[in-house]
Each structure stands twice: as C-alpha cells, then as structure tokens.
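Work through the following exercises with the sequence and the structure side by side, and try each task before reading its solution.

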Amino acid sequence: MNDHARIDVHQHVIPPDRSRAIADRAAALGWPVPAWDRQGALAMMDRRSIATGILSYAAPLAAPDDPEGARSTARAVNEFTAELVKDRPDRFGNFAVLPLPDVDASLDEAVHALDELDADGVMVLSNAQGRYLGDPAFEPLWAELDARAAVVLVHPTAPPGAMVPGLPSPLVDFPYDTARTALHLAVAGVPGRYPRLKMILPHAGGFLPYAAHRFAAAARLRPGTTPEDLLAELRRFWFDTAFCAGPASLPSLLAFAAPGHVLYGSDFPMVPEDWCAGFDDGLTGYPHWRDGDLHAIHRGNAERIIPRLARG
C-alpha cells in the first residue's frame, strides 16, 4: 500500500443478518443485489489501491411504523461495524447510521457512536420517510453534531412517490434526491448556521453542481438572501466521486466545489465493481490536474476531515 493509496469515504457494509433485507430492497429498486464480506471488501480495496474504506449502512433500518426496530437495528449495525474497525483500523472506518426521523433516538445513537464506538462520523439518508434534512425538527441533531465538528455522509435514498417503470431508482432518482435535500438544507440555512459540520454529498452531489446556478434562484424563499448567499451555502458541502467521475460530470463538479471539498468514493458493493472501472480511470486520467490535485482527492482532503487517517 503506497502513500498515495486512496481513502474511500463512500463504501458500504452489509452485516450478515441484514443481507436479506438489502437483497429485497435492491430487487424492489431494480438494482443488482449486492454481496458483502470482509475479505471481499479488502480484496476489492487492494485491487483499486484503497488504503481505508469508511463503511456505512445505506438503507432504511426498519419499516416506517417500527421506530423501535430502527433504533435496535442502528445500534446493531454500528456495533458490528465498530468491531470491524477495531480489528483493522488501518483498513476500515465507520460512519454510524442514525435512525431518523426519530430525532431523540438519533441524538442518542450519535453520542453513543462518536463517544463509545469511536466512529469517524455519522450517516443519514437524504430523506427520512419523506422528510428532508432541512426540516426544523432536525435542528437539535445538527446542533449536537456541529458542536462535535462531525463528518456527516448524506446518502441518497428513494424519494417519495413511485419509481418510473423500467428505470432503476438508484440510477436516476438517487441523484435527484441528493440535490433535493442539499437545496432543502441550504434554503433552511443549515450549512451556514452549523459551519463546523462536514456534510458529504455522494455521487458528486447528484445534479447539484450542474444546476447550482439555477437552484440559486431559490434565494427568494429566504428573505434577505441573495443568489450568491445561497451558492455560498451550497459550496459548504463536500462531494465524493463515486460512480460519477465522467467526462461531463467531473468538470462540472470541479467548477462548482470549493477547493479541498472533493473526496474519493467507490460505492462498493452497492455499485458493481466493473461498473466503476471507467470512472476511476476517468478520475486518474483527467488531463487538467495541477500538481497535488489528485493526491488531495484520493486522500489529502479526507485526511483533513478525518485526522486519524493522516500519515506523517
């Protein structure tokens, strides 16, 4: 493993007792069923020069009418992942899953994960049973996480409403939902109000970089806010490169993101590995890198927000 090996901020874990739930959800979304085990993850990481993968559980935790199930599943997933990290802290990290929309349970789980399990951050879905992340009810969670300068992975999920027949939801709806929740957060003023939060938007922020200047018109929804103010809110986000470093999307991301706010991501195993080879090649082969840019995306920017991974 060389000094330039990647830090993957968007890699997933599927505990054995959750594999059936993940398979059923993938099938319902029209997506290939992912499989995960520790050795398979490490082998993938070695093939793709990934030094460390920050693991997260990117799926609803329970049925909407089962908040207790969501709490207990979150705790079980987070403790399973913490054991993986404890065994190989050089190879794995943990973005602990939170059971939103239950704010009290999410606060309890965030404190437990960050204080007791030494999680590297937390993960929330882009909408919680149809409630987007700028919802005022979620304010206590953002305040607590901001006080801890926490890293928050905002992972996409299916938006409310029916999937378009024949179009897998992760392919087209997930990028839409990422952009939707990012704009909702920005219009609510969450990034600016909690500047110590490091919120990562996967897949280059969905449609956000491409449409950011169109979205800036939403400034009229916040009295006293200019389009430039709203763009500044949106540029507070971090972005990962999972499944998106193509010849059209990468220049758009780099034109929009704040310096130092782009991170490497694989989305393994939710996105089949062979689907991603071209995107990894597109990232490394981009012809306009300046000295140090690619190293920053591969690991330097992640070292800044997760200091334990920094190499001397």
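Two strands pair if DSSP finds at least two bridges between them, and the strands themselves are DSSP runs of at least two residues, numbered from the N terminus. The model used in these exercises is a predicted one.

**Exercise 1. Strand pairing**

Task: Find which residue of β3 stands opposite Ile54, and state in which sense β2 and β3 pair.

Solution: Begin with the sheet as a whole, which is open and consists of 8 strands in the order β1-β2-β3-β4-β7-β8-β9-β10, with parallel pairing. Its edge strands are β1 (6-12) and β10 (262-263), each of which pairs on one side only. Next, turn to β2 and to strand β3 (residues 92-97), which pair in the parallel sense over 3 bridges. Finally, look along β3 for the partner of Ile54, and you will find that Gly93 stands opposite.

**Exercise 2. Two salt bridges**

Task: Compare where the partners lie in the salt bridges Asp280 with Arg48 and Lys86 with Glu83, and decide whether Asp280 and Arg48 are buried or exposed.

Solution: In the first pair, the closest N and O atoms of Asp280 and Arg48 are 3.0 Å apart. This pair links distant parts of the chain, since Asp280 belongs to helix α11 (residues 273-284) while Arg48 sits in the loop between α2 (38-47) and β2 (50-56), 232 residues apart. Both Asp280 and Arg48 are buried. In the second pair, the side chains of Lys86 and Glu83 meet at 3.2 Å, N to O. Lys86 and Glu83 are 3 residues apart in helix α3 (residues 67-87), and therefore about one helical turn separates them. As for accessibility, the cut-off for exposed is over 50%; Lys86, with a relative accessible area of 63%, is therefore exposed, whereas Glu83, at 45%, counts as partly exposed. Salt bridges with shared partners also join Arg6, Arg48 and Asp280 into one network.

**Exercise 3. An aromatic pair**

Task: Explain why the pair of Trp36 and Phe80 ties together separate parts of the chain, and say how its rings are arranged.

Solution: The whole structure holds 6 aromatic pairs. In one of them, Trp36 and Phe80 are 6.4 Å apart, centre to centre, with 70° between the planes, which makes the pair edge-to-face. Trp36 lies in the loop between α1 (19-28) and α2, and Phe80 in helix α3, so the pair connects parts that are 44 residues apart in sequence. Trp36 is buried, with a relative accessible area of 14%, while Phe80, at 28%, counts as partly exposed.

Definitions and conventions. Residues are numbered from 1 along each chain as its sequence is written. This is a predicted model: local features need pLDDT of at least 70, side-chain atom pairs count only at pLDDT 80 or more; totals for chains, interfaces and linings use all residues. Side-chain values use heavy atoms; hydrogens and water are left out. A salt bridge is a side-chain nitrogen of Lys or Arg within 4 Å of a carboxyl oxygen of Asp or Glu. Helices (H or I, at least four residues) and strands (E, at least two) are DSSP runs, numbered from the N terminus. Buried means under 20% relative accessible area, exposed over 50%, partly exposed in between (1.4 Å probe, protein chains only). Rings of Phe, Tyr and Trp (its six-membered ring) pair if their centres lie within 6.5 Å; planes under 30 degrees apart count as stacked, over 60 as edge-to-face and the rest as tilted.
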